[in-house]
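Colleague: Please choose one part of this model and take me through it slowly, as you would for someone in a first year of study. I would like to hear how the strands and loops there are placed and which side chains meet.

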Amino acid sequence: MDDLESLAADIQSADTVVAFTGAGISAPSGVPTFRGDDGVWEKFDEGQFTYGRFRSDPAGFWTDRVDLQRELFAEEYQPNAAHDALAAMGRDGHLEAILTQNTDGLHAKAADENAADPSENGDESGGGRTDEAAEADAEIAADDTTLLELHGNARRVRCTDCGRRRDADPIFDRAANGELPPTCDCGGVFKPDVVLFGEQLPGAVIQRARSLARESDVFLAIGSSLVVEPAASLPRQAASTGATVGIVNLESTPVDDAADLIRREDVTEVLPRLRELLETP
């Protein structure tokens, strides 16, 4: 039995399996990375996208954010085989939660696309997201899998007064056409529904993530350098309570010493293989 087969066996016998994902799971879909060679911050000044600037100069912030949004979503990115594998694992009952640092919304899209036919279970939503689901501090129910978007979702905006969330595209169109800053019907200013530089992660979100890590029997860290806190400490928290920790990432991480399995391979190859092993009788 190789290490991936052993991991699959651990998942099959586990009560709680949690996956934690970073930019490396979305890069194969073409989503731009923020740091490194040709990263987004090589083209934009990250200092212009702080929470402080949003508060003091919302019009200027939105002017620059429109350009950034165009860079981030120049194409209509699709979930790749790694997203699909995790969505299928959740659908099949092998994955309790996905905790993601990514703001591209691809995990939710993969869950929608991998959802069972809604006519089979009486759910007319087809597994899609609703405003009510989004209100739960970035926690989204995708079938029976919890999706926790730790840093928010750049495909949404949120009113800073009434809290209403909206699809980002029409709001960015309004800003591009001169409505600076774009505002809600209540008069409040819309803000991209992401955690900006200088803004703290919502306490409820990070506490939920830590609880899931501590409760996990298997914790998978996928496509993350595991250097950004506080999310990067989650694998160690899982290991401290006895979880089997697996890391799939092309580069080494500071948490490698706590891992039971390390794969320096393409996530789009490893995760589909893991899912296949879970289907093997």
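Modeller: One term is needed before we begin: a polar contact is a pair of N or O atoms within 3.5 Å, where, within protein, one atom must be able to donate a hydrogen and the other to accept it, and where residues adjacent in sequence count only if both atoms are side-chain atoms. Please also keep in mind that what you see is a predicted model.

Let us start with strand β1, which covers residues 17-21 and is mostly covered, since 5 of its 5 residues are buried. In general, the side chains of a regular strand alternate between the two faces of the sheet. In β1 both faces are covered, with V17, A19 and T21 buried on one side and V18 and F20 buried on the other. This strand has β8, residues 218-222, as a parallel partner, and 5 bridges join the two; within this pairing F20 stands opposite A221 of β8. Strand β1 also runs parallel to β2, to which 4 bridges join it, and here V18 stands opposite A97 in β2.

From these strands we can follow two loops, beginning with the one that lies between β8 and α10 (234-240), where S224 has its place. Is S224 buried or exposed? With a relative accessible area of 4%, S224 is buried, because buried means under 20% relative accessible area. The side chain of S224 is joined to that of Q101 by a polar contact of 3.1 Å, a distance that fits the cut-off of 3.5 Å given at the start. If we set aside neighbours within four places in sequence, the contacts of S224 are F20, G22, Q101, N249 and T253, so that we meet F20 once again, a residue of β1 that is itself buried.

The other loop runs between β2 (97-100) and α6 (106-114), and D104 lies in it. Although D104 is buried, it has no salt bridge, and the nearest side chain of opposite charge, that of R155, is 8.3 Å away. A salt bridge would need a side-chain nitrogen of Lys or Arg within 4 Å of a carboxyl oxygen of Asp or Glu. What the side chain of D104 does have is a polar contact of 2.7 Å with the side chain of S26, and it also reaches the backbone nitrogen of L106 at 2.9 Å. Beyond its neighbours within four places in sequence, D104 is in contact with S26, V31, F73 and R155.

R155 can lead us to one further region, because strand β5 covers residues 152-159. This strand belongs to an open sheet of 3 strands in the order β6-β5-β7, paired in the antiparallel sense. Strands β6 (165-167) and β7 (190-194) stand at the edges with a single partner strand each, which means that one side of each is left without a neighbour in the sheet. On average, and with direction ignored, neighbouring strands here are turned by 45° against each other. Between β5 and β6 there are 3 bridges, and R158 stands opposite R165 in β6. Helix α4, residues 58-72, lies across β5 and β7 and runs at about 45° to β7.

Terms used
Residues numbered from 1 in each chain as written. Predicted model: local features only at pLDDT ≥ 70, side-chain atom pairs only at ≥ 80, totals over all residues. Heavy atoms only, no water. Buried < 20%, exposed > 50% of the residue type's maximum accessible area, 1.4 Å probe, protein only. Lys, Arg positive; Asp, Glu negative; His and termini not counted. Contact = heavy atoms within 4.5 Å. Pairing = 2+ DSSP bridges. Axes fitted to C-alpha atoms, helices over the stretch in contact; angles between N-to-C directions.
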